[in-house]
Amino acid sequence: MSVIVADDRQLLPALAAVADVPFHYAEDAADFEPFPAFLSAEETTEWLRAWTRNGEVDGDEFRVFGQDGTGGYAAIWLTRPDRPLADQPVVFLGSEGEAGVIAADLAGFLWLLADGLGPREAVDSPGQKLCPDAALSAIAERFAPGFRRPASAVIDAAAREFPDFEATVVALCR
């Protein structure tokens, strides 16, 4: 299902602010490498075809904006018709086939990062000890004031709203 919101590949200001924060890998910190721009449509399609082993899919439903240290991608999933990018869910598609919706929208994702979880951790180990980050908390306060929730609440709400994401992605695989 392709949903056309806009063919806008301009990185959202909140994600640009996140991209300016240095992430230092440590055992109890988010393993995340934000990109300074969304991947191009061509790069996204090439990646999704390789990830699914399906040469017929395209990447139109995703705006990829970062990765973890293993090469798994964080993306905005365009599934809500006629809604802006910031209102779309944030997903993680891991290098080993992991897939999950990690936040119902950009505001939730910002607070997830502020709590110290990266996209991969939100899928693989959401209950890990949190290591909140002051710089990311300031970004969340700036771009998502009034939406503060603990990481566990962000992840749980996204899972409840989008319970079929993993099955949707698996159906694309060959």
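Where does D82 lie? Select D82 and take a look: this residue is in the loop between β3 and β4. Before going further, keep in mind that what you have on screen is a predicted model.

**Stop 1: the loop between β3 and β4**

Stay on D82 for a moment. Its relative accessibility is 73%, over the 50% cut-off, so D82 counts as exposed. Check the backbone too: D82 has a positive phi of about 60 degrees, although it is not a glycine.

Now select L85, which lies in the loop between β3 and β4 as well. Buried or exposed? L85 has a relative accessibility of 8%, so this one counts as buried. To see what surrounds L85, show D8, L12, F38, R63, I76 and L78; L85 is in contact with them, leaving aside its neighbours within four places in sequence. Try drawing a distance from L85 to L12: the two are 73 residues apart along the chain, and their C-alpha atoms are separated by 8.0 Å.

**Stop 2: helix α3**

Next, select residues 106-114, which make up helix α3. How many of the residues of α3 are buried? The count is 9 of 9, and the helix is mostly covered. Running along it you'll find L106, A107, G108, F109, L110, W111, L112, L113 and A114, listed as the buried residues of α3. Step just past the end of α3 and you reach G116, where phi is positive at about 105 degrees.

Go back into the helix and pick F109. Not counting residues up to four places away in sequence, F109 touches L15, F32, F65, V90, I102, A103 and P119.

**Stop 3: the nonpolar cores**

F109 is a good way into the largest nonpolar core. That core has 37 residues, and F109 is listed with L15, F65 and L112 as having the most contacts inside it. Which elements each supply at least two residues? Colour α1 (13-19), β3 (73-77), β4 (90-93), β5 (99-103), α3, α5 and α6 (151-161) to see them. The largest share, 8 residues, comes from α3. As a bit of background, nonpolar side chains tend to be buried together in soluble globular proteins.

There is also a second, separate core of 20 residues; to find it, select F35, L39, A75 and V101, which are among its members.

**Stop 4: α3 against α5**

Keep α3 on display and add helix α5, residues 134-143. Two packed helices are described by the angle between their axes and the distance between the axes. Here the axes come within 8 Å and cross at roughly 160 degrees. That angle is over 145 degrees, and α3 and α5 are therefore roughly antiparallel to each other. The crossing is left-handed.

For the residues that meet, show side chains on both helices. From α3 come L110, W111, L113 and A114, and from α5 come L136, S137, I139, A140, E141 and F143. The residues of this contact divide into 8 nonpolar, 1 polar and 1 charged.

**Stop 5: A151 in α6**

Move on to A151, which lies in helix α6. Its relative accessibility is 1%, so A151 counts as buried. Its contacts, leaving aside neighbours within four places in sequence, are L112, D115 and L117. One of these, L117, is 34 residues away along the chain, and the C-alpha atoms of A151 and L117 are separated by 7.3 Å.

**Stop 6: T44 and R53**

Select T44 in helix α2, residues 41-52. How buried is T44? T44 has a relative accessible area of 0%, so it is buried. Around T44, highlight R9, L39, G59, F62 and V64, its contacts once neighbours within four places in sequence are left aside.

Then jump to R53, in the loop between α2 and β2. R53 is exposed, with a relative accessible area of 69%. Its phi is near 55 degrees, a positive value in a residue other than glycine.

**Last stop: G69**

Finish at G69, in the loop between β2 (62-67) and β3. With 52% relative accessibility, G69 counts as exposed. Not counting residues up to four places away in sequence, G69 touches D31 and E33. For one last distance, draw a line from G69 to D87: these are 18 residues apart along the chain, with their C-alpha atoms separated by 27 Å.

How values were computed
Residues numbered from 1 in each chain as written. Predicted model: local features only at pLDDT ≥ 70, side-chain atom pairs only at ≥ 80, totals over all residues. Heavy atoms only, no water. Axes fitted to C-alpha atoms, helices over the stretch in contact; angles between N-to-C directions. Helix = DSSP H or I, 4+ residues; strand = E, 2+ residues; numbered from the N terminus. Parallel < 35°, antiparallel > 145°, perpendicular 65-115°, else oblique. Left-handed = near helix turned anticlockwise from the far one by under 90°. Contact = heavy atoms within 4.5 Å. Nonpolar A, V, L, I, M, F, W, Y, C, P; charged D, E, K, R; others polar. Buried < 20%, exposed > 50% of the residue type's maximum accessible area, 1.4 Å probe, protein only. Core = buried A, V, L, I, M, F, W, Y, C linked by side-chain atoms within 4.5 Å.
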